[in-house]
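Please open the model in your viewer and keep the sequence panel beside it, since this tour moves from one selection to the next.

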Amino acid sequence: MAVGKKDISCPPEAIGTPIKDEDLKKGKVTYYEDYPDLRYAWTAGQAISRFLNELKKGRLIATKCNECGRIMFPPRIFCELCFKPIDDWVYVKDTGVVQTFSISYIDPDARPLPEPIIVAVIAVDGASPKMGIMHVLGEVKPEDVYIGMKVKAVWKDEEEREGAITDIKYWKPVG
Ligand SMILES: [Zn+2]
C-alpha cells in the first residue's frame, strides 16, 4: 500500500520551537558560553627577518649561492637548485624592471577602490634574472605602464619605516 503524504508528516506537537534571545537571557534553556583565549605567533624565518630589518634601513638585501652563482631576491636561506644553505648576503639595488603587471580595481579585501592600483612584479637590479617582488607602481597612469619599464623604489621617510614591505611606498618609473 502506498504511503500518502499525510501519513509521514510530523504531528504538530513534534515540530521544534526556535530558541529566542529572550529565552537565553531568562535562563529558560541550558547553554554554555565560552571565550577561548587563542594566541598565536610566528617567525618570519632567518632570511625574511633580515630582509625586513634591512628594509627599515632603506636597503634591499639578497642571498647568494656560490655553487650556482644565483643571487636570490627576496632572500632565502637555502638554494633549492643546489640543495644547500646559501653562502653570502649581498645588497641589491632599489631599482628594477617591470616583469608583469595587473590593474586592480579592488583592494586586498576585495573592496572596490575609487582609483585602480597597479600591481607589478619587479625584477630587482643586482639579483639574478626573474628574481623579484610583487609591489605597487605609482606616479604612472595604468595606460602608460609596460613590461620592461624601469622603476625605482619610493621609500617612506626613515622615521616612518617599520620593517615591513610597505616601507617602500611604491615604485615609480625612471629614465
Ligand atoms: Zn645554488
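Where does Ala44 lie, in relation to α2 and α3? Select Ala44 in this predicted model, and you will find it in the loop between α2 (21-25) and α3 (45-56). Ala44 is exposed, because 12 other C-beta atoms lie within 10 Å, and a residue with 12 or fewer counts as exposed. If you set aside its neighbours within four places in sequence, Ala44 is in contact with Ser49 and Leu52. Now add Asp94 to the selection: Ala44 and Asp94 are 50 residues apart along the chain, and their C-alpha atoms are separated by 22 Å.

Next, zoom out to the whole chain. The secondary structure comes to 3 helices and 10 strands, and, read from the N terminus on, the elements run α-α-α-β-β-β-β-β-β-β-β-β-β. The C-alpha atoms fill a box of roughly 80 × 50 × 40 Å along the principal axes, and the radius of gyration is 28 Å, where a compact globule of 175 residues would have one near 16 Å. Buried residues make up 17% of the 175 residues. Among contacts between residues at least 6 apart in sequence, 50% join residues at least 24 apart.

Now select β1, β2 and β5, which form an open sheet of 3 strands in the order β2-β1-β5, with antiparallel pairing. The strands β2 (71-72) and β5 (88-92) stand at the edges with a single partner strand each, so one side of each is left without a neighbour in the sheet. Looking closer, you can follow strand β1 (residues 60-64) alongside β2, to which 2 bridges join it in an antiparallel run; select Thr63, and its bridge partner in β2 is Met72.

Finally, turn to the largest nonpolar core, which holds 18 residues. Select Phe73, Val92, Ile122, Val124, Ala127 and Val151, the members that touch the most other members of this core. The elements that give two or more residues to the core are β1, β7 (112-124), β9 (150-155) and β10 (168-173), and the largest share, 4 residues, comes from β7. In soluble globular proteins, nonpolar side chains tend to be buried together.

Which residues is Val124 in contact with, leaving aside its neighbours within four places in sequence? Centre the view on Val124, and its contacts are Leu60, Phe73, Val92, Lys93, Gly96, Met131, Gly132 and Ile133. Two of these, Phe73 and Val92, have already been selected as members of the core.

Technical notes:
Residues are numbered from 1 along each chain as its sequence is written. This is a predicted model: local features need pLDDT of at least 70, side-chain atom pairs count only at pLDDT 80 or more; totals for chains, interfaces and linings use all residues. Two strands pair if DSSP finds at least two bridges between them. A residue is buried if 20 or more other C-beta atoms lie within 10 Å of its own, exposed if 12 or fewer, and partly exposed in between; C-beta atoms are placed from the backbone. Two residues are in contact if their C-beta atoms, placed from the backbone, lie within 7 Å. The radius of gyration is taken over C-alpha atoms; the globule rule is 2.2 Å times the number of residues to the power 0.38. A nonpolar core is a set of buried Ala, Val, Leu, Ile, Met, Phe, Trp, Tyr and Cys residues joined through C-beta atoms within 7 Å.
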